[in-house]
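Here is a friendly walk through one model, from a pair of helices out to the meeting of two chains. Please keep the structure open as you read.

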Number of protein chains: 2
Amino acid sequence: MTPETRISTKEKILRLIEQQNYAGLSLALQNLHPADIAEVFRELPQNAREASFDVLDPEEAGEVIQELDFDLMVELMAKLDAAKLVPILQLMPSDEAVDVLNELPDERVYEIIRKMPDLKQASNLKELMAYPEDTAGGLMSSEFVKVYADMTAEDTLNYLRIRAEQETTSFYYLYVVDRHDHLVGVLGLRTLITAPPYMTVDQIMNPAVDSVNHYDTRTVVAEHFQKYQRLAVPVVDNVGRLKGIITWDDAAEIMEEELTDEFYTSSGLSTEEFYTEELLAGRLSTAVKSRTPWLLVTMLGGIVAVLVGDMFSDTLHHVPILAIFMPLLGGLGGNVGTQSSALIVRGLATGHATLDKTFLHVIKQFRVGAIIGVIIGVLVGTLVGVWKGNPWFGLIIGGGLLGNITVAATLGTLVPFLFKRINIDPAIASGPFITTAIDVTGLTIYFGLATWALSHLG
Amino acid sequence: MTPETRISTKEKILRLIEQQNYAGLSLALQNLHPADIAEVFRELPQNAREASFDVLDPEEAGEVIQELDFDLMVELMAKLDAAKLVPILQLMPSDEAVDVLNELPDERVYEIIRKMPDLKQASNLKELMAYPEDTAGGLMSSEFVKVYADMTAEDTLNYLRIRAEQETTSFYYLYVVDRHDHLVGVLGLRTLITAPPYMTVDQIMNPAVDSVNHYDTRTVVAEHFQKYQRLAVPVVDNVGRLKGIITWDDAAEIMEEELTDEFYTSSGLSTEEFYTEELLAGRLSTAVKSRTPWLLVTMLGGIVAVLVGDMFSDTLHHVPILAIFMPLLGGLGGNVGTQSSALIVRGLATGHATLDKTFLHVIKQFRVGAIIGVIIGVLVGTLVGVWKGNPWFGLIIGGGLLGNITVAATLGTLVPFLFKRINIDPAIASGPFITTAIDVTGLTIYFGLATWALSHLG
């Protein structure tokens, strides 16, 4: 949807509501894809959003809910009573329904589950809700097709025909279980269609089926998908019984969320307690709180840098002009350090950098830093020497830059590896920890050099 | 595959090669998933990698190639002659085959295509290769199932049975075309299975099929998948003829690459000319070159900061101790600026921040900056006032921090929007441009305050 269509659709909706033409509104929304409705909803004032949501039929409403941003979803849900919510939830995939239920107060959840006419669905939802949200169990849905190993191909096809008429479950793969519900294989539709009708499922299935455990973390699930590139992965309990499936669209969402987390974390934003959407659109207090941990670290680091500078106050008193080069040193050091740490953080996340190669990477980045340091040191050092008419200035600035940039590249590489080794998210490292460490070491090198050459700087 | 399994597998392979037990090697590899083989390959020395690749049958070899990191893939391909490559390429999905061919010298490509026994496949590959790599045409594959609108459901099912026996094409969706090859609808297998056998495809298909144009960019393709969450999207030419499909696994790869690009770009690494894997594992010169553009900007910015500092050299001569607080100001300002720009860069990429809301976001981040600035300014200002025994020092440092942090949050928000408005990747903004701008304005505020209060600082 282009911005122009979005705006014209928005205006059309507002006009229809103003005219109280709800039949027209319903018709206008029916012609839109749920993802487009969700996009327009974000632009509407709250009452218009509620009025529009009200005219959607339950199936459409469920699809729109799945597309809505988290804050709008919560806002709309809060207004609906159980009688309206039950039919919507019944038609949603169970994993999405659980995501909605998890945002409601406990009493409402009990009321809704009690009012569900389909008892099997209600108990399914209760079972799914019992899992922590970030485990495979919390991500899986109950909509999958399970067939028994001893059925024939013909029976299986007939069974599918009946299911396809009754339900909206999609057949990514057919999962094969024994009579005790243990996952024993997987069967593709294409194999089934072409198999002789009298053969049994266990004769044509692929017994090498990979699965995740119901308590595996979302990261494990995402890695599984990234590696094996399946459309869906079955989830089993500790004794191998099939509990649900996770589909590729959930996995894609997890991968995107994890990368966003990594990006935010290494930019100094805390993502632990907040939904990423809240950080941009949410309240001021959330915005401030999410930044606090990194700012405190930066502040403490800054205070250490002040104390280091204070140790060299004699040198500064003699040659105050030294101070004006500090931002140049800090900027270039910080930049090189961030570059190196971004490479390692991403590398560790994708598996292209591993802990056993720490030394190799540190050496390599040290060399990269040294090369860049020599180039920039000579360039800027010459400039400064000429400008101040004193080669010693050039020598100190150039030497300071060389030292600072080399240390920055090395620290930027080493720190993420160290964090990873002690099981802290390496993305945290690439923020203020590295810049502060670089500031402190860079200042020491620079002022150390200046103090040593003090007699030539007068 | 755990690191332990990987190491033991690697040792097993090396032992088998040493014993020249190629039958054993072939057996050992057959039991591994192609993704696991690719993981072990990265650990092996080149000759062992080539020996192992040699014992794979063509189908397996093709699967392993698709899982390999880019540099290893190129290395292995360079060693194979056409006679070995042709059978491998024949069994690969056409989009992956094209990715391999694109890395070979032109003469070799011609030779390989000439030697392909299946002329239709050869001409398909030639057609796909004609598209630029980052367009929908360059991403699509020719393996899809096309059915005609006037076929009956029964004919279609029979046709699928035959195709399923002959080929390995998977049936995500069946695409419906008219007799001139124009895409007119899409049909799900479940609808087909349950349809009365005498109905024609156009009676049961969904005519609302979304597609992308063959010259759409990879970004457009990724957005399409993200929004509509399909397993595959058909690619059509300018007159609506069906040319190929792009499947979800390619889209997931694009999304991940784009996020990685965004992350690298805002960390000051150039991704335009280099594969991201090269930056970590590649040659020193690549590593240095990818960092150069940002470092030059930082260097120029640093020189501007030096000149600004030089303007205040009188103030510095009177009160040299002012200099030791510069890293604290720079660090906190840089951090707050990076936080804001990361939010906006991500928001612009996901659509949660839009250009028409620029003013709202700038105001909001200005307020966030002001709140943080007051808190940190009062805290650090008080500390410094007590430490130096002069409240004026506290006032200047505190005021400098407040000004610097507020400006940082505002600039960090504004600059990505400005870049976006003039069609430059906003991720570029969040690197050195912002830190330099913050350094310069922050220094001016700080030294301006100090110069104004100079008489009290003696």
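In this predicted model, helix α20 (residues 326-350) of chain A packs against helix α21 (residues 358-388) of chain A, with an angle of about 150° between them and their axes 12 Å apart. Angles over 145 degrees count as roughly antiparallel, and α20(A) and α21(A) are therefore roughly antiparallel to each other. Their crossing is right-handed. On the α20(A) side, the contact is made by Leu332(A), Val336(A), Ser340(A) and Ile344(A). Facing them from α21(A) are His361(A), Gln365(A), Gly369(A), Ile372(A) and Ile376(A). Sorted by class, this contact has 5 nonpolar, 4 polar and no charged residues. If the spacing of those residue numbers catches your eye, recall that an α-helix has 3.6 residues a turn, so residues three or four places apart point the same way.

Let us stay with helix α20 of chain A for a moment, since Ala349(A) is also found there. Is Ala349(A) buried or exposed? Ala349(A) has 20 C-beta neighbours inside 10 Å, so it counts as buried. Asp71(A), by contrast, sits in helix α6 (residues 70-79) of chain A. With 14 C-beta neighbours inside 10 Å, Asp71(A) counts as partly exposed.

Each of these two residues can be paired with a partner elsewhere in chain A, as the table shows.

| Pair | Apart in sequence | C-alpha to C-alpha |
|---|---|---|
| Ala349(A) and Glu223(A) | 126 residues | 9.9 Å |
| Asp71(A) and Asp118(A) | 47 residues | 29 Å |

Next comes helix α16 (residues 248-266) of chain A. How far should its 19 residues span at 1.5 Å a residue? The expected span is 27 Å, and the end C-alpha atoms of α16(A) are 27 Å apart, which agrees. Of the 19 residues of α16(A), 14 are buried, so this helix is largely enclosed by the rest of the structure. Just after α16(A), Gly268(A) takes a positive phi of about 85°.

Finally, we can look at where the two chains meet. Here 81 residues of chain A are in contact with 82 residues of chain B. Which helix gives the most to the side of chain A that touches chain B? That is helix α18 (residues 284-311) of chain A, with 15 residues. By class, the side of chain A that touches chain B has 47 nonpolar, 22 polar and 12 charged residues.

Technical notes
Residues numbered from 1 in each chain as written. Chains lettered and ligands numbered in written order. Predicted model: local features only at pLDDT ≥ 70, side-chain atom pairs only at ≥ 80, totals over all residues. Contact = placed C-beta atoms within 7 Å. Helix = DSSP H or I, 4+ residues; strand = E, 2+ residues; numbered from the N terminus. Nonpolar A, V, L, I, M, F, W, Y, C, P; charged D, E, K, R; others polar. Expected span 1.5 Å × (residues − 1). Buried ≥ 20, exposed ≤ 12 C-beta atoms within 10 Å, placed from the backbone. Axes fitted to C-alpha atoms, helices over the stretch in contact; angles between N-to-C directions. Parallel < 35°, antiparallel > 145°, perpendicular 65-115°, else oblique. Left-handed = near helix turned anticlockwise from the far one by under 90°.
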